[in-house]
Amino acid sequence: MTITTEAPANPLGFAWLEVTGKCQELCVGCYADSGPQGTHGTMTVEDWVFVIDQLADMGAADVQFIGGEPTLYPQLEELIKHAHGAGLRIEVFSNLVHVRKSLWDAFQEYGVKLATSYYSDTPAEHDAVTQLKGSHKKTRANIQKAIDLGMPIRGGVITVNQGQRVIQAAKDLTELGVDHVGGDKTRAFGRAAQGAAPKIADLCGHCALGQCAIGPDGSVWPCVLGRFITLGNVREQTLADIWNSQRKTDVRAAIAAEHGLTPVQSCTPPQFLPSCGPCGPCVPSVGVCDPQEAAARPAATTIGAPQ
């Protein structure tokens with residue numbers, strides 16, 4: 001099915017595809033509140049294929065498969081192959097605890113980029129964040145495997161606990177040979193919010209400004225952190241209808257008003273790009289992800305980046 005739309009003022013360039021809410025880890029700062037009890041949701045493989053086709057028809061350039069832990073989704077290889085065939089660039093954001101051989105093969109065949117979060121250079125501290133014993137050893141080994149295979153990979157050191165060895169963690173990634181090492185703080189969403197209600201003010205302000213996220217039940221959100229705001233559902237409407245809807249326009253206006261932003265402002269580089277999503281880590285040339293901070297001061301090297 002080919003979807004034809006008029007060229008919108010705010011074209012959709014990128015989408016996070018959250019194919020599952022299931023994850024081996026139970027990270028204390030998880031914005032998605034995912035874990036071992038999560039599910040793959042109600043979206044079928046056919047639903048996801050149709051979403052990918054719609055994104056391509058709308059002119060999107062990039063998709064990022066996320067979760068939960070996307071490598072736990074049984075048909076991830078099939079979706080990667082389809083996205084590649086549709087002409088989309090692909091990144092998989094994974095904890096890299098376990099990657100089956102067929103996925104490694106798909107990553108290489110279809111030019112997939114990888115991204116991962118890293119919490120410490122010490123196993124005990126990393127595992128304390130993930131709540132999964134042995135996760136540091138497995139993640140680090142698979143980071144090394146990706147590098148040995150010549151795959152593009154970036155890492156984000158997320159500050160969760162006071163006194164965390166973030167500098168040492170970034171140095172460890174750099175010495176391993178990770179392409180880009182960035183840093184970010186825990187965002188007050190999902191499990192990290194500790195029961196507090198999410199607020200528009202907690203978002204960066206550039207949600208739905210060229211990007212959206214689609215959840216395991218088909219819900220369309222303005223970004224991965226803005227999952228408390230639903231724009232529509234791809235199982236009930238086409239993605240083009242949702243993206244060009246009055247509901248999306250109203251949500252975008254509310255976010256812009258809350259942050260005092262205008263549509264012409266943007267992060268440096270645009271936050272929705274796979275090089276800095278979901279919502280961090282930034283690439284080494286960018287010091288901040290918050291657009292208001294970025295506008296106030298020049299870019300600086302992020303934590304642990306090569307000098």
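**Note on the sheet, salt bridges and aromatic pairs**

1. Arg-165 has a relative accessibility of 31% and therefore counts as partly exposed, a value that, like every other in this note, is computed from a predicted model. Asp-121, with a relative accessible area of 23%, is partly exposed as well. These two residues form a salt bridge in which the closest N and O atoms are 2.7 Å apart. Asp-121 belongs to the loop between β4 (113-118) and α4 (123-130), whereas Arg-165 belongs to the loop between β5 (153-159) and α6 (166-176), so their contact ties together parts that are 44 residues apart in sequence.

2. The salt bridge just described is one of eleven found in a search of the whole structure. Another joins the side chains of Asp-105 and Lys-101, at 2.9 Å from N to O. Because Asp-105 and Lys-101 are four residues apart in helix α3 (residues 101-109), about one helical turn separates them. Lys-101 is exposed, with a relative accessible area of 60%, while Asp-105, at 35%, is partly exposed.

3. A further salt bridge brings together the side chains of Asp-202 and Lys-199, with 3.2 Å between N and O. Both ends are partly exposed, the relative accessible area being 31% for Asp-202 and the relative accessibility 46% for Lys-199.

4. Turning to the strands, nine of them form an open sheet with mixed pairing, in the order β6-β5-β4-β3-β2-β1-β7-β8-β9. The edges are taken by β6 (180-185) and β9 (232-233), each of which has a single partner strand, so that one side of each is left without a neighbour in the sheet. At the β6 edge, β5 and β6 run parallel and are joined by six bridges, and Arg-154 has His-180 in β6 as its bridge partner.

5. Strand β7 (residues 211-214) deserves a separate look, since in a regular strand the side chains alternate between the two faces of the sheet. Which residues of β7 lie on each side, and are they buried or exposed? Gln-211 and Ala-213 are on one side, Cys-212 and Ile-214 are on the other, and all of them are buried, so both faces of the strand are covered.

6. The two neighbours of β7 pair with this strand in opposite senses: β1 (residues 14-18) is parallel to β7 over four bridges, whereas β8 (residues 219-221) is antiparallel to β7 over two bridges. Ile-214 takes part on both sides, with Leu-17 standing opposite Ile-214 and Val-220 in β8 serving as its bridge partner. The connection from β7 to β8 is a hairpin with four residues between the strands, and Gly-218 in the turn has a positive phi of about 95°.

7. Helix α2 (residues 76-85) lies across β2 (62-66) and β3 (89-93), and runs at about 175° to β2.

8. The search for aromatic pairs finds two in the whole structure. Phe-14 and Trp-16 form an edge-to-face pair, with 5.1 Å from centre to centre and 80° between the planes, and both residues are buried. Trp-104 and Phe-107 are likewise edge-to-face, at 6.0 Å from centre to centre and 80° between the planes. Both of the latter residues lie in helix α3, three residues or about one turn apart, and Trp-104 and Phe-107 are buried.

9. One contact between a charge and a ring remains to be noted: the charged end of Lys-248 sits over the ring of Trp-243, 3.6 Å from the ring centre.

Methods
Residues numbered from 1 in each chain as written. Predicted model: local features only at pLDDT ≥ 70, side-chain atom pairs only at ≥ 80, totals over all residues. Heavy atoms only, no water. Buried < 20%, exposed > 50% of the residue type's maximum accessible area, 1.4 Å probe, protein only. Pairing = 2+ DSSP bridges. Salt bridge = Lys/Arg side-chain N within 4 Å of Asp/Glu carboxyl O. Contact = heavy atoms within 4.5 Å. Axes fitted to C-alpha atoms, helices over the stretch in contact; angles between N-to-C directions. Phe/Tyr/Trp six-rings, centres within 6.5 Å; stacked < 30°, edge-to-face > 60°. Lys NZ or Arg CZ within 6 Å of the ring centre and 35° of its normal.
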